[in-house]
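Hi there,

Here is the structure I promised to pass on. Have a look at it first, and my notes follow underneath.

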Amino acid sequence: MANDFLNLLGLAKRAGRVTTGEDMCKKAVQKGIARLIIIADDASDNTKKSITNSCKYYNVRYITAADKSEIGKFTGALSRAVVSVNDDNFARAILDRLEKSKGEKKG
């Protein structure tokens, strides 16, 4: 079910509501554009620290999910360590899908 949220991420990308790459995502956070930051499980510790510090300072929600190649595949790149979802509805829907998939794994 992890593909559910990745499919939705791909749809958000095609709709122009996603920013990819560490530097561009940090700018989206600082400008108040980012609604949700997704960090790859296998992102470097420096990347994770840099992005999470920005998110905490600017009060932007962030999650760690999938790996760089999966995120990249659904956003049109070989790999992406960080993506910013810049739409409230897409962000909420992605979080809902992730919660549902966690519930299914437990049950």
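**What I found**

Of the 107 residues of the chain, 43% count as buried. Please keep in mind that this is a predicted model, and that every value here is computed from it.

Let me start with the chain as a whole. It has five helices and four strands, and from the N terminus on the elements run α-β-α-β-α-β-α-β-α. The radius of gyration is 13 Å, close to the 13 Å that the globule rule gives for 107 residues, so the chain is as compact as a globular protein of that length. Should you want to set up a box around the model, the C-alpha atoms fill one of roughly 35 × 30 × 30 Å, taken along the principal axes. The chain exposes about 6300 Å², and carbon and sulfur atoms supply 44% of that area. Contacts reach across the sequence too: among those between residues at least 6 apart, 78% join residues at least 24 apart.

Next, the sheet. The four strands form an open sheet with mixed pairing, in the order β1-β4-β2-β3. Its edge strands are β1 (18-20) and β3 (61-64), each of which pairs on one side only. On average, neighbouring strands of this sheet are turned by 20° against each other, direction ignored. At the β1 edge, the partner is strand β4 (residues 82-85), and the two pair in the antiparallel sense over three bridges. If you want a spot to zoom in on there, Thr19 stands opposite Ser84 in β4.

Helix α3 (residues 45-58) lies across β2, β3 and β4. Relative to β2, this helix runs at about 165°.

The residue I looked at in detail is Ile37, which lies in strand β2 (residues 36-39). Is Ile37 buried or exposed? Its relative accessibility is 0%, and because buried means under 20%, Ile37 counts as buried. Which residues is Ile37 in contact with, leaving aside its neighbours within four places in sequence? The list is Cys25, Val29, Ile51, Cys55, Val60, Arg61, Tyr62, Ile63, Val82, Val83 and Ser84. One of these contacts, Val82, is 45 residues from Ile37 in sequence, yet the two are 7.0 Å apart in space, C-alpha to C-alpha. Ser84 is also among the contacts of Ile37, and this is the residue that Thr19 stands opposite.

Happy to talk it through whenever suits you.

Best wishes

Notes
Residues numbered from 1 in each chain as written. Predicted model: local features only at pLDDT ≥ 70, side-chain atom pairs only at ≥ 80, totals over all residues. Heavy atoms only, no water. Buried < 20%, exposed > 50% of the residue type's maximum accessible area, 1.4 Å probe, protein only. Contact = heavy atoms within 4.5 Å. Pairing = 2+ DSSP bridges. Axes fitted to C-alpha atoms, helices over the stretch in contact; angles between N-to-C directions. Rg over C-alpha atoms; globule rule 2.2 N^0.38 Å. Areas by Shrake-Rupley, 256 points an atom, 1.4 Å probe, with all protein chains shown as cover.
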